[in-house]
Every structure is written in C-alpha cells, then in structure tokens.
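Work through the exercises below with the model open beside you, and try each task before reading its solution.

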Amino acid sequence: GTARSALEMLLRLGSMLARRGLHAASARFAAAPALRLGRSRALSTAPVDDEMEDDIDVDGVAYGFMASQALFAGLELGIFDAIAAAGGSVDLPSLQRSSGVTAPRLQTLLTALVASKALRRSRDGAYDLSPNAARFLVSSSRHFYGDYLKLQIGRQFYHRMGALTDVMKTGEAPSYASWFSDPEVAATYTRAQHNGSVATAKALLKRMAGSVSLDGASKMLDVGGGSGAFSYVFTGKHPQLSSQILELPEVCATGNTIRAEQPADVQQRVSFSELDATSPDWPVPDGEYDLVLMSYISGSVPEPVVGALYANAYKALKPGGRLLVHDFMVDDSLDGPLGGAIWALQHVTVNADGLGLAPREVVSRMGAAGFASGKAETHEMISGLTKLVIGHKN
C-alpha cells in the first residue's frame, strides 16, 4: 500500500542518513562512556549487536526529519522527474538548469539524496534514480504518490508536528473541521490524499471480500469520505451500488471536482452531503444502508465522539448491515507497530482529545452502540499501519 511504502521509505532514509552522514555532528559526545560501548568502532548511537537490537537508534530518530525534508525538496524541485525524463545519467549542470538552482546548495541536496539511496551517483558524477525512486517518486509512474508526500506530509502534517510539545502540554490544537475551514488547506489535503486512497480502497475491497459480500448491496454511506476515492472504487466494482458521502463543506467542494473526473455511471451513483461528522444528527434516513464506511475518521475526532459515530452508523444500517472502520491502529498490546503509533501521535496535533486506536477500543465502542460484539472481526490492512474492524448489526 502507498501509505505503508511512504512511511517505510521515510524511516529508512532517516536512519541511513543519520548513520552514514551525520555522525561527525556527534563528535562532541566522544567522551561519553555510554556511547563507546566498550569496543573500538566509530561513534554511533545505533544498536550494534543482538542484545541491543530492540534499543533506540537515537541519531536515526532525532535526525530523521532531515532526510524526509531532503526527499520533499527533491520532489518540489522536480529532481526525480528530470532524471526520469532524461532517461538517467544526468549531470549536475543539467539538474541545475531543470531546477533553477545553480548555487552549491543543489549539490548538497543531491549528496543527501544519494546518501539516503534515493539517487545513485556514478564515478563521473552522473545521477540516476534508485528503483524505488523511479517507481514511487516519478510523476509519470502509475505507482507515483509524490503529491501525497510533497503536499500533505511535507507541506501540512510536517509543520503541524512541530507543535506537538505545546499540544501535549496545553491540550490545545485545531480540530480537523477548523483546519479544513480554509478552502486552500482542504483542497490541498483532499487532492494529495486521493491517489493514495484509491489504492487503499482497492486493497480494502479485496480484504473484506471473505467477510462482507456487496453483491446484493444497494446503498453505502461513506462517512468522512474525503475525495470520494473509496466510493468511486466500491461503486465502480459493484454497478448496483450507490454511495452517499458525508463530508465537511470545503472538502465536498474539492470532492465534487474529483467526482466530475470519474466515469459517467459512477458520477451518477455517488453524491456528496455536507456534514461535520461530529454532529449528533446525520442527514440520512434510518435503516436504509447496507454498508457504512468510516476510513481514517475514528482517530480524527475527539474520543467522546467515537461512540456517537458508531451509534449513528447503527441507526443508518439495515438489519444485517455492516460497519467498516478502517484507520491507523496499534496492536491491543500497545507496544506498536511503529507506523500506527506515530500516525496516531500525528493526529494529536489536530485532534488533541482524540483516541489512539487499537482494535479492542473500536470493538468495545461498537458493542456499546448496539453492534454484535461477538461477531466483530479485525483484519490487518496496510501492514504496520492500519487495521480494518468490521461490526455486524443483527
């Protein structure tokens, strides 16, 4: 899945950049016995043997943001597209011309991208793309999700995470509703998310196939459906299915422009309705939907609202209907995985009173809303990042 690939790439880049290029910055700590580890080797905080494999790589974590910014800058400057367009083996002067940056700082950026393995440099100074860079970071590739990385992660979430300490201390943070009240923010977020969501929607459809049949389903409710990606994929696969998307007004505006890009038949069966998901009343009839989908919503609202969302879903569903909750989650043991854990932490910066999700937290709130607790199912979705919990209405 694209979200998993994005996170794994950023974590690898950060760790490798720290180990390969930044240890000199730690030389002032050379006298610290704890870092010498009792053996002759270059100073490093990375684990070095089996006994330490579960320990933190302090440098890799602390300096990881530098590697991610190098990646975002490469995307913003068109470095990866320029190399791909030339067919590889591009020299520095060519990249200076394509990027518009002629100062020595471009060489510094290219060196960081080589050190983090996004680029490869030949002995004569020519640059090529790594396989993953060619697959995921070139806009002409069908696997491209650079817009998601550049626009949503680089321009939006990255800066919000800088407020984490203040939010932890004060409990004050903007809600998603207030954040998205800015049409430009809403449009950037929704557009950036769309391509990644399409891939995730296709994977979700396959994952739930053994548990939920949509062959006879006619009506779907997509709560907080963003661009409508999940609805487009679901209705495209099942021609008898229609979907109503509930979203914030500013997101609906962008969603409708993306809807206009879909096949005519899908456009006719997908509609947007304006709603703040935290509202106690939904503009939908009771007992008319075969399926209610909530993807990336439960972790984005204050904790007291989560149960209310599931109660509203229960009312909207027909008897025998299903609630699908897909979101970033950790295991019930609350010790990871890392991807789900740090995404939940990111949500704190725009949802200070939110709930860090684990399957049992979702299942218990589904049960309180009326769903059959004994029938709830949990599935891994994007490995290490997201899970799918299915609630059954008797």
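**Exercise 1: a helix on the sheet**

Determine which strands helix H18 lies across.

Solution. Helix H18 (residues 359–369) lies across E7, E8 and strand E9 (386–392), where contact means heavy atoms within 4.5 Å and helices (H or I, at least four residues) and strands (E, at least two) are DSSP runs numbered from the N terminus. The helix runs at about 20° to E9, the angle being taken from 0 to 180 degrees between N-to-C directions of lines fitted to C-alpha atoms, for helices over the stretch in contact. This is a predicted model, in which local features need pLDDT of at least 70 and side-chain atom pairs count only at pLDDT 80 or more, while totals for chains, interfaces and linings use all residues. Residues are numbered from 1 along each chain as its sequence is written, and side-chain values use heavy atoms, with hydrogens and water left out.

**Exercise 2: the sheet itself**

Establish the strand order of the open sheet and find its edge strands.

Solution. Begin with the order, which is E5-E4-E3-E6-E7-E9-E8 for the seven strands, with mixed pairing; two strands pair if DSSP finds at least two bridges between them. Next, strand E5 (270–274) and strand E8 (377–380) each pair on one side only, and are the edge strands. Finally, strand E6 (residues 289–295) and strand E7 (residues 317–328) run parallel and are joined by six bridges, with Val292 opposite Leu323 in E7.

**Exercise 3: one valine**

Decide whether Val61 is buried or exposed.

Solution. Val61 is located in helix H3 (residues 58–62). Its relative accessibility is 60%, so Val61 counts as exposed, a class that begins over 50% (1.4 Å probe, protein chains only), with buried under 20% and partly exposed in between.
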